[in-house]
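Good morning, everyone, and thank you for making time for this. I would like to walk through one structure with you, going slowly from one part to the next.

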Amino acid sequence: GAGVVDGGGGQVVPAPCRGWNTRNPALVRWSSLAHGGQWFTGAKGRIWKAVDMTKELRVCLTGGIASGKSTVGEMLADLGAVVIDSDVLAREVVAPGTPGLAAVLDRFGSEVLAAGGGLDRPALGKLVFGDEEARRDLNAIIHPLVIAESKRRQQEAWDQGRVPIRMIPLLVETGQAPDFDEVLVVDVDPQVQLRRLMARNQFDEQEAWARINAQASREERLAVATQVIDNSGTVEDLAPQVDRVWRDLGRSTTQP
C-alpha cells in the first residue's frame with residue numbers, strides 16, 4: 001500500500017499510489033500528516049513523499065453560490081462517489097422534533113417556526129442576513145450537527161469500500177479546508193455567476209452581488225484548491241473535467 005508521490009507534478013511512482021494534483025504546497029503537507037507520509041528530496045531537488053494509500057482519502061467539493069456544485073456532485077455520484085451534501089444535512093438536522101430545531105427556536109424565537117411545525121427558512125434568513133452576530137449564533141448551532149452527521153456518513157462509505165465526497169459550500173468560511181486531503185473547487189467567472197444567480201433566484205443585480213460577496217472570495221477558494229473544475233461554460237464542457245477528477249482520485253468509473 002505504500003509508494004512514492006512526486007510533489008512537483010503529481011506523477012505516481014510506482015503504483016498503486018496516486019499523486020496530489022495540487023497548486024498549494026500547504027495542502028500537500030496536510031495530506032502528508034493525514035496519511036503518515038514522509039518527505040524527502042529526490043532527483044533535481046524535487047520534493048517527494050512516501051504515502052500509505054491504504055488510509056481513507058478525505059475529499060471535499062466546494063464552490064461559490066450558483067457555481068454549479070450540485071451539478072458536479074450529481075456527475076460524481078453517477079461515477080460512483082457517495083456525495084454527502086451539507087446543505088441537505090443542514091435541513092435534516094433542524095427537521096421537526098430534532099434537538100437542532102429546538103436550539104434554533106430557543107435562540108431566534110417562535111417567529112421562525114412555520115405553521116406545519118418545521119423551520120420557516122425565509123423568516124430565519126431575513127433575521128440572519130446582514131446580522132453578523134445572529135449568523136454566528138446560527139452557525140454555532142447548525143455546523144457542529146452537520147459536521148458530525150457528515151463524518152458518520154463518510155465513515156459509513158469508507159466501511160463499504162466507497163469514495164465519500166463531502167460537499168461543503170462554506171468550506172473556507174468555516175475553516176475546514178485543512179481537514180481534507182483533496183479540495184475540489186468548482187470555479188466560475190463572476191459575471192457568469194451573477195447571471196446564473198439572478199436567473200435562478202429572481203434576484204436583481206444588487207441583491208445577487210450581496211449574496212455573492214457574503215461568501216468567501218473566488219481567490220480564497222482557489223487558494224485552498226487541490227483541483228479546480230471550471231464551470232464557466234456548458235455542461236458538455238464540464239463533464240470531461242469531472243471525469244478527469246474522478247480518475248485522479250484513483251477510482252474506476254465502474255465502481256458498484
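Let us begin with strand 5, residues 59-63, and strand 8, residues 182-187, which run parallel to each other and are joined by 5 bridges. One of the residues to look for here is glycine 63, whose bridge partner in strand 8 is valine 186. Please keep in mind throughout that this is a predicted model, so that every value I mention is computed from it.

Now, where do these two strands sit in the wider arrangement? They belong to an open sheet of 5 strands, which follow the order 6-7-5-8-9 and pair in parallel. At the edges you will find strand 6, at 81-85, and strand 9, at 227-230, each of which pairs on one side only. From one strand to the next, the twist of this sheet averages 25°. Helix 6, residues 132-159, packs on the sheet, where it touches strand 6 and strand 7, the latter at 163-167. The direction of helix 6 makes about 160° with the direction of strand 7.

Let me stay with helix 6 for a moment, and ask which helix it crosses at roughly 130°. That is helix 5, residues 121-128, and the two axes come within 7 Å of each other. An angle between 115 and 145 degrees is neither roughly perpendicular nor roughly antiparallel, and helix 5 is therefore oblique to helix 6. On the side of helix 5, the contact is made by Leu124, Leu127 and Val128, while helix 6 contributes Ala134, Arg135 and Leu138. Sorted by class, the residues of this contact are 5 nonpolar and 1 charged, with no polar ones.

A second pair of helices can be described in the same manner. The axes of helix 2, residues 69-79, and helix 10, residues 235-248, come within 10 Å and cross at roughly 50°. These two helices are therefore oblique to each other as well, and their crossing is right-handed. From helix 2, the residues in contact are Thr71, Val72, Met75, Leu76 and Leu79, and from helix 10 they are Val235, Leu238, Ala239, Val242, Asp243 and Trp246. By class, this contact has 9 nonpolar residues, together with 1 polar and 1 charged.

I would also like to point out two single residues. Serine 86 lies in helix 3, which covers residues 86-92. Is serine 86 buried or exposed? Its relative accessibility is 10%, and because that is under the 20% cut-off, serine 86 counts as buried. If we leave aside its neighbours within four places in sequence, serine 86 is in contact with Val146, Ser150, Met167, Ile168 and Pro169.

The other residue is leucine 222, which has its place in helix 9, residues 218-223. With a relative accessible area of 23%, leucine 222 is partly exposed. Leucine 222 also brings us back to valine 186, since the C-alpha atoms of these two residues, 36 residues apart along the chain, are separated by 9.1 Å.

Finally, a few words on the chain as a whole, which has 10 helices and 9 strands. Of its 256 residues, buried ones make up 42%. If we take the contacts between residues at least 6 apart in sequence, 65% of them join residues at least 24 apart. Thank you for listening, and please do stop me afterwards with your questions.

Methods. Residues are numbered from 1 along each chain as its sequence is written. This is a predicted model: local features need pLDDT of at least 70, side-chain atom pairs count only at pLDDT 80 or more; totals for chains, interfaces and linings use all residues. Side-chain values use heavy atoms; hydrogens and water are left out. Axes are lines fitted to C-alpha atoms, for helices over the stretch in contact, and angles run from 0 to 180 degrees between N-to-C directions. Helices (H or I, at least four residues) and strands (E, at least two) are DSSP runs, numbered from the N terminus. Angles under 35 degrees count as roughly parallel, over 145 as roughly antiparallel, 65 to 115 as roughly perpendicular and the rest as oblique. A crossing is left-handed if the near helix is turned anticlockwise from the far one by less than a right angle, and right-handed if clockwise. Contact means heavy atoms within 4.5 Å. Ala, Val, Leu, Ile, Met, Phe, Trp, Tyr, Cys and Pro count as nonpolar, Asp, Glu, Lys and Arg as charged, and the others, Gly among them, as polar. Buried means under 20% relative accessible area, exposed over 50%, partly exposed in between (1.4 Å probe, protein chains only). Two strands pair if DSSP finds at least two bridges between them.
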